[in-house]
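I opened my notebook beside the model and wrote down each thing that I looked up. The entries follow below.

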Amino acid sequence: MKERIIKVMEHEGMGQAQFSAAIGIQRAAMSHIISGRNNPSLDVMLKILHRFPYIDPDWLLFGKGEMLRTGMEGGGLFGQSLSAPPEIKVVAEPEEGKQSPKEEETPHMESPSMPVISPESAPKRVERIMVFYSDNTFEAFVPEKPDKE
């Protein structure tokens, strides 16, 4: 992981001090990561991904794929622009007995990337929810299985 962090620093043209300030960690912590003394914590990795959203998380965490997310070839500190977020389509649903309101008057929003579940396909079930805390601890919540009658 340290090699990939170094590549992000080089991509941004930053030294250790600038990079640590940009992601909000102490210089000593960054120095220990770069020297190999310490491995980066999940908190450090999340700070990098938050500060540089065009970095592919799979690449940073696991070394899979390319450094830059598809469609986000630039971004960040030196003026490159990130790609625009997907458009959200506003859908109007008329109330009974009324004409259809204008699109901007309705609070109902529909994302074009939402999957359509057909009656033939089974809905997904939540198997586990993980919550990561700022002190680098986490909890996993597993829903109870319904009793089959």
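**Entry on glutamate 139.** I began with how much of glutamate 139 can be reached from outside, and in this predicted model the residue has a relative accessible area of 36%. Partly exposed covers values between 20% and 50%, so I noted glutamate 139 as partly exposed. I then placed glutamate 139 in the secondary structure, where it belongs to strand S4, which runs over residues 138-141.

Which residues does glutamate 139 touch, once neighbours within four places in sequence are left aside? I listed Ile129, Met130, Val131 and Tyr133. For tyrosine 133 I could add that its side chain makes a polar contact with the side chain of glutamate 139, at 2.5 Å. For isoleucine 129 I looked up the C-alpha to C-alpha distance to glutamate 139, which is 8.3 Å, while the two residues are 10 residues apart in sequence.

**Entry on methionine 130 and the nonpolar patch.** Methionine 130, which I had just listed as a contact of glutamate 139, is found in strand S3. Its relative accessibility is 35%, so I wrote it down as partly exposed. Methionine 130 also takes part in a nonpolar surface patch of about 480 Å², together with Leu42, Leu46, Phe132 and Phe138. When I checked which elements supply this patch, I found that helix H4 (42-51) and strand S3 (129-132) each give at least two of its residues.

**Entry on serine 20.** Is serine 20 buried or exposed? I found a relative accessible area of 1% for serine 20, and because buried means under 20%, I recorded this residue as buried. Serine 20 sits in helix H2, which spans residues 16-23. I followed its side chain to the backbone oxygen of alanine 17, which it reaches at 2.9 Å. Leaving aside neighbours within four places in sequence, I noted that serine 20 is in contact with Ile25, Gln26, Arg27 and Met30.

**Entry on confidence.** Before closing the notebook I looked up how confident the prediction is, and the protein chain averages a pLDDT of 74, with 62% of the residues scoring at least 70. Over residues 73-90 pLDDT stays under 50, and for this stretch the model has 31 contacts beyond four places in sequence. Residues 100-109 also have pLDDT under 50 throughout, and there I noted 13 contacts beyond four places in sequence. I reminded myself that predicted coordinates should not be read in detail where pLDDT is low.

Conventions
Residues are numbered from 1 along each chain as its sequence is written. This is a predicted model: local features need pLDDT of at least 70, side-chain atom pairs count only at pLDDT 80 or more; totals for chains, interfaces and linings use all residues. Side-chain values use heavy atoms; hydrogens and water are left out. Helices (H or I, at least four residues) and strands (E, at least two) are DSSP runs, numbered from the N terminus. Buried means under 20% relative accessible area, exposed over 50%, partly exposed in between (1.4 Å probe, protein chains only). A polar contact is a pair of N or O atoms within 3.5 Å; within protein, one must be able to donate a hydrogen and the other to accept it, and residues adjacent in sequence count only if both atoms are side-chain atoms. Contact means heavy atoms within 4.5 Å. pLDDT is the predictor's confidence in each residue, from 0 to 100. Patches are made of residues with over 30% relative accessible area and no salt bridge: like charges are joined within 9 Å, nonpolar side chains (Val, Leu, Ile, Met, Phe, Trp, Tyr) within 5 Å. Accessible areas come from the Shrake-Rupley method with a 1.4 Å probe; for residues, only the protein chains shown count as cover. A salt bridge is a side-chain nitrogen of Lys or Arg within 4 Å of a carboxyl oxygen of Asp or Glu.
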